[in-house]
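The following exercises concern a ligand site and a barrel. Please consult the sequence and the structure as you work through each solution.

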Amino acid sequence: MNDMTSGRARAHIDLAALRANVAALRAKAPGAAFMAVVKADAYGHGMVPCARAALEAGATWLGVATPEEALALRAAGVGGRVLCWLWTPGGPWRACVEAGVDVTVSAHWALTEVTAAAREAGRPARVQLKVDAGLGRNGAQPAQWPGLTAAARAAEQAGLIQVTGVWAHFSCADEPGHPSITRELQVFRTALEQAADAGLEPEVRHIANSPGTLTLPESHFDLVRPGVAMYGISPVPQVGGPADFGLRPVMTLAARLASVKAVPGGHGVSYGHHYVTPGPTTLALVPVGYADGVPRHASGAGPVLVAGKWRTVAGRVAMDQFVVDLGGDSAEPGDEAVLFGPGDRGEPTAEDWARACGTIAYEIVTRVGSRVPRVYGGV
Ligand SMILES: *Cc1c(COP(=O)(O)O)cnc(C)c1O
C-alpha cells in the first residue's frame, strides 16, 4: 500500500488508521463529545480529508487555531461544528459569524468586536469563552473572568451572542502527575461555577487535549479535543507508544532514491563535509530536505530505512536532499527510502525522528512541506 513506483516523495496518509484512532480515543472518553483538532493542515496530514474522516468516525466538532482555517473548512463544505481560537483585532469576525463558526473570546476587545460583527450580520455569534487556567497564553486571567462572563451574559441577553462553550487549555498534561494539572483543573472548575453564577449555560465545557483524553478522565467534562493522538502519535512517549494506547501512526513519509553511486574512501559528503566516507562505499541520495520538512537538526542523526536497514543521514541535510551511506549494500535509483511511518515494516517512526532532532513528534509531522504530495489511503 505504501510502496512507491513513481514520484520524488510523498506522505501517505492512512485515513482508515485515523478513523480507528478516533474510535479508540472516543472509547477513552465515552461520555464526552469529540472535537477533532485539525489545525495546521491537520498537523501536516491535510485538513479537509482528515476532518471528513474524523467526522465519519464520530467526531461532531472540528477545532482549528485560526479563523482562516475555520473558513477554509466551511468553504470546502465540511460539516460539523467548528471552533477556532486564535484571533487578532480586526477579525474576520463577521465572515465567521455568517459561516456559523464558533469563535473563542478571551478578552473584552474580542467581545466588543464579535458583538459588532453580529449586529452587522444580523444574527447572533456563537461564542466560547476561554479562561487562562495557568498556561499563560490566551484566555482571560481569573481576575478578569467575572467581568468577562458578566459582559458576555449581557451580550447574550441583548441577542447578540450565544455562549456555546467555556474552556481552557492545560500547560503540562503531557507530564502525568505534574502538580499544575490538579491546580489548573481547580481553576477551570471555579471558572465554570462563576460562568454559571453569571447566568451562562454553555453547551460544552472542555479542557482535555490528547494527554488529557488518554490519561486524565477527570478532565473530560462535556468534550475532548485531541490533536496529535488522532494522528497516531503518543502525546506521552515517556509513558507509552501509540500501540500502548490503541493508536496507529497515520503518516508515512517516503522518497525515492535519486542517485546511487560508488565513491572512494575519504570522500566528503554534503555541505561542510561533516561526513567523510570511512572507506570505499556506496552513497544514496534521498531527494527531500529541509524545504520538505526534514529538520536540518537531523544532520548526522536522522534515521531512514533504505535497502532493508536503518541508515543515518550522512552529513548535512540540505534544502532539497540528503545523503545516506549504504556501506557495502546495494540499491538502485528509484528504490524507496522510508523516513518514518507506523514502524511495523521496520521503518523509523516520527517519534524516532523527534528523538534524533531534539524535538517532539508533533513538529516532525506538522512541518512536512507543501512540496510533498499527500496521498490518501483507506478513504
Ligand atoms: C493544539 C490544541 C489541541 C490539541 O492538542 P494535542 O496535544 O495535539 O492533543 C487542543 N486544544 C487546543 C487549544 C490546541 O491549541
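A polar contact is a pair of N or O atoms within 3.5 Å; within protein, one must be able to donate a hydrogen and the other to accept it, and residues adjacent in sequence count only if both atoms are side-chain atoms. The model is predicted: local features need pLDDT of at least 70, side-chain atom pairs count only at pLDDT 80 or more, and totals for chains, interfaces and linings use all residues. Residues are numbered from 1 along each chain as its sequence is written, and side-chain values use heavy atoms, with hydrogens and water left out.

**Exercise 1.** Identify side chains in polar contact with the ligand.

*Solution.* Begin with S210, where a side-chain N or O atom lies 2.5 Å from a ligand oxygen. Next, K39 places a polar side-chain atom 2.7 Å from an oxygen of the ligand. Finally, for W85 the separation between a side-chain N or O atom and a ligand oxygen is 3.5 Å.

**Exercise 2.** Classify the residues of the shell around the ligand.

*Solution.* The shell holds 8 nonpolar, 4 polar and 2 charged residues. Here Ala, Val, Leu, Ile, Met, Phe, Trp, Tyr, Cys and Pro count as nonpolar, Asp, Glu, Lys and Arg as charged, and the others, Gly among them, as polar.

**Exercise 3.** Describe the barrel and one of its strand pairs.

*Solution.* The closed barrel has 8 strands in the order β2-β3-β4-β5-β6-β7-β8-β9, paired in parallel. Strands (E, at least two residues) are DSSP runs, numbered from the N terminus, and two strands pair if DSSP finds at least two bridges between them. Strands β3 (residues 61–64) and β4 (residues 81–84) run parallel and are joined by 4 bridges. Within this pair, V64 has C84 of β4 as its bridge partner.
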